[in-house]
Amino acid sequence: MNTDIDTVELDTPLQEIATEETVVPRTVSTAPLNTHQQHWQDTLQISRNMAATSAPFLVSGRLTKVNGLVMEAVGLRVAVGSTCIIQLPNNNVEAEVVGFSGEKLFLMPENDVHGLVPGARVVPLEAAAGQNTSPEMARHLPVGEMLLGRVLDGAGRPLDQFGPLSEGPSAPLQSKPINPLDRAPINEALDVGVRAINALLTVGRGQRMGLFAGSGVGKSVLLGMMARYTTADVIVVGLIGERGREVKEFITDILGKEGLARAVVVAAPADTSPLLRMQGAAYATTIAEYFRDQGKNVLLIMDSLTRYAMAQREIALAIGEPPATKGYPPSVFAKLPQLVERAGNGTEGGGSITAFYTVLTEGDDQQDPIADSARAILDGHIVLSRRLVEQGHYPAIDIEASISRAMNHLVSEQHYLQVQRFRQLYAHYQRNHDLISVGAYVHGSDPLLDEAILMHPRQEHFLKQGMYEADHYTTSMSAFSALFEPRS
Ligand SMILES: Nc1ncnc2c1ncn2[C@@H]1O[C@H](COP(=O)(O)OP(=O)(O)OP(=O)(O)O)[C@@H](O)[C@H]1O
Ligand SMILES: [Mg+2]
């Protein structure tokens with residue numbers, strides 16, 4: 001090759017196309033080109049034009065298997081948690097990557113899918129949208145003030161009659177964990193509007209409580225009372241895996257207009273895909289985090305944590321994870337604390353998320369692995385009892401079985417001692433209830449029981465509360481201390 005040549009200015013650095021025999025001059029001149037050079041220039045220009053007008057290379061895979069809820073695809077290398085589009089002859093379907101095995105990706109659709117065909121093209125969502133985003137970037141859902149008073153599904157789409165959401169911020173479904181040492185401590189009580197909880201199971205701002213109960217014992221009504229009467233600034237309700245009918249009932253009858261005005265409801269009922277149910281719980285938490293980061297005190301209500309665990313069980317079993325404890329695969333027990341840990345206080349001086357998670361304990365099964373696991377990761381539990389429901393005692397809070405682990409930091413020492421006294425007398429009465437009711441107890445033989453019998457009607461009266469009756473923190477506390485004042 002002739003190296004002693006006149007050269008022209010090129011867009012592409014000549015070093016890139018230089019071969020071993022070529023010596024590339026650093027300075028270029030504008031002298032006319034020889035035929036050989038002209039040929040190279042023309043070829044280069046044609047190649048540049050072709051590259052500029054061609055569509056970007058779209059990586060795609062193929063659907064190879066559908067097995068119940070899970071689809072398998074090959075030919076793609078995308079992260080777990082990414083969204084893919086499955087291109088079908090008549091429509092496109094969105095699915096999330098939930099796992100992989102060797103070259104195979106496991107995908108799950110967000111909604112019901114019809115018309116899947118073998119070999120259908122699978123394209124990562126970011127590539128299909130022409131964006132170069134990470135999977136986390138692709139999963140942004142709306143958050144912000146415009147959500148107040150709205151009912152949304154697990155994917156952030158409105159379910160109510162108020163039309164599309166107005167423009168506002170969005171946030172990823174997963175958030176970075178807060179350094180536990182940076183979190184503000186729980187040292188201020190939150191008024192939940194329910195007397196028995198305010199006085200005997202005081203809940204602090206940023207505390208995470210479990211509401212353990214079987215079916216039909218008043219969980220929804222109690223959560224609704226808290227949502228309506230709490231002094232929290234914002235209420236975020238996640239209705240996960242419950243019956244569809246219950247969603248409407250909760251919103252119209254239990255939450256009501258006043259409750260809904262400062263609430264956001266995320267509903268992913270039982271008939272939605274397990275993925276959407278999981279996402280619904282994560283989304284409700286994301287919304288709560290947004291308000292917390294704005295300095296607000298948020299009450300997050302999640303009904304139910306058990307259904308969330310069941311959704312994860314469906315997914316994990318479908319992709320082949322072996323069941324471990326009572327049919328629940330190990331990933332379920334990893335997902336629960338991940339969700340629950342997102343609630344709590346923010347950094348010092350910021351907002352808070354006080355959370356109530358319902359846990360189903362059918363037939364008083366204390367061995368239920370989800371109930372067991374939840375008890376360990378939550379800062380307290382309120383147990384609703386069927387025995388009390390049968391006696392017409394509402395809210396059916398079993399004071400003996402319930403505990404708030406943060407309470408001693410929230411109330412005065414005197415109040416704390418009185419609570420212990422209340423519990424002692426109440427428990428003593430319950431233990432001797434049969435004896436008393438058949439008239440076998442002789443007054444004077446047990447001074448503690450005498451006091452318990454005297455106190456019992458007042459205790460019962462104190463613990464009962466109608467569903468449309470609010471009782472605020474200060475009145476709950478003064479009514480409680482009045483129980484211990486000497487009677488004239
Ligand atoms: N504070 C209350 N005062 C009077 N009645 C109540 C009270 N709380 C609950 N109830 C009664 O209990 C019934 C069942 O309550 P709720 O629907 O809240 O139960 P649940 O535990 O949510 O049931 P499910 O398991 O079906 O979701 C209500 O319809 C209501 O009649
Ligand atoms: Mg309910």
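## Terms and overall fold

Axes are lines fitted to C-alpha atoms, for helices over the stretch in contact, and the angles between them run from 0 to 180 degrees between N-to-C directions. The structure described here is a predicted model, and its protein chain holds 16 helices and 17 strands. Of the 488 residues in that chain, 39% count as buried. Among the contacts with a separation of 6 or more in the protein chain, 70% are accounted for by residues 24 or more positions apart.

## Helices 8 and 9

Two packed helices are described by the angle between their axes and the distance between the axes. The axes of helix 8 and helix 9 come within 9 Å and cross at roughly 140 degrees, which makes helix 8 oblique to helix 9, since angles over 145 degrees would be needed to count as roughly antiparallel. The crossing of helix 8 past helix 9 is left-handed. On the side of helix 8 the contact is made by Pro-274, Leu-275, Arg-277, Met-278 and Ala-281, and on the side of helix 9 by Arg-307, Tyr-308, Ala-311, Gln-312, Glu-314 and Ile-315. Sorted by class, the residues of this contact between helix 8 and helix 9 are 7 nonpolar, 1 polar and 3 charged.

Helix 8, which spans residues 274-293, also contains Gln-279, a residue that counts as buried because it has 26 C-beta neighbours inside 10 Å, where 20 or more are required. Not counting residues up to four places away in sequence, Gln-279 touches Gly-154, Ala-155 and Leu-173. Gly-154 lies 125 residues from Gln-279 along the chain, yet the C-alpha atoms of the two are separated by 5.5 Å.

Just ahead of helix 9 (305-318) comes Ser-304, placed in the loop between strand 13 (297-303) and that helix. The peptide bond leading from Asp-303 to Ser-304 is cis, with omega near 10 degrees.

## The surroundings of ligand 1

Of the 13 residues around ligand 1, those that come nearest are Ser-215, Gly-218, Ser-220, Val-221 and Tyr-394. By class, the residues of this shell divide into 6 nonpolar, 5 polar and 2 charged, and the element that gives the most to the shell is helix 6 (residues 219-229), with 3 residues.

Tyr-394 appears again in the backbone description, where the peptide bond from Tyr-394 to Pro-395 is cis, with omega near -10 degrees. Pro-395 itself has its place in the loop between helix 12 (386-390) and strand 17 (403-404).

## Helices 6 and 7

The axes of helix 6 and helix 7 (residues 244-261) come within 9 Å and cross at roughly 25 degrees; helix 6 and helix 7 are therefore roughly parallel to each other, the limit for that description being under 35 degrees. Their crossing is right-handed. Helix 6 contributes Ser-220, Val-221, Gly-224, Ala-227 and Arg-228 to the contact, while helix 7 contributes Glu-246, Phe-250, Ile-254, Leu-255, Gly-256, Glu-258 and Gly-259. The contact of helix 6 with helix 7 has, by class, 5 nonpolar, 4 polar and 3 charged residues. Ser-220 and Val-221 thus belong to this helix contact and are also among the residues that come nearest to ligand 1.

## Helices 13 and 15

For helix 13 (residues 413-431) and helix 15 (residues 447-463), the axes come within 8 Å and cross at roughly 100 degrees, so helix 13 is roughly perpendicular to helix 15. The contact draws on Phe-422, Leu-425, Tyr-426, His-428 and Tyr-429 of helix 13, and on Leu-448, Leu-449, Glu-451, Ala-452, Ile-453, Met-455, His-456 and Gln-459 of helix 15. The residues of this contact divide into 9 nonpolar, 3 polar and 1 charged.

## Two loop residues

Gly-346 is found in the loop between strand 14 (344-345) and strand 15 (352-360), and with 21 C-beta neighbours inside 10 Å it counts as buried. Leaving aside neighbours within four places in sequence, Gly-346 is in contact with Ile-178, Ala-184, Arg-292, Asp-293, Gly-351 and Ser-352. Between Gly-346 and Asn-179, which are 167 residues apart along the chain, the C-alpha separation is 9.6 Å.

Pro-185, by contrast, is exposed, because 11 other C-beta atoms lie within 10 Å and a residue with 12 or fewer counts as exposed. Pro-185 sits in the loop between strand 9 (170-172) and helix 5 (195-200). From C-alpha to C-alpha, Pro-185 and Ala-406 are 9.9 Å apart in space, although 221 residues apart in sequence.

Conventions:
Residues are numbered from 1 along each chain as its sequence is written. Chains are lettered from A and ligands numbered from 1 in the order in which they are written. This is a predicted model: local features need pLDDT of at least 70, side-chain atom pairs count only at pLDDT 80 or more; totals for chains, interfaces and linings use all residues. A residue is near a molecule or strand if its C-beta atom, placed from the backbone, lies within 6 Å of it. Helices (H or I, at least four residues) and strands (E, at least two) are DSSP runs, numbered from the N terminus. Ala, Val, Leu, Ile, Met, Phe, Trp, Tyr, Cys and Pro count as nonpolar, Asp, Glu, Lys and Arg as charged, and the others, Gly among them, as polar. Angles under 35 degrees count as roughly parallel, over 145 as roughly antiparallel, 65 to 115 as roughly perpendicular and the rest as oblique. A crossing is left-handed if the near helix is turned anticlockwise from the far one by less than a right angle, and right-handed if clockwise. Two residues are in contact if their C-beta atoms, placed from the backbone, lie within 7 Å.
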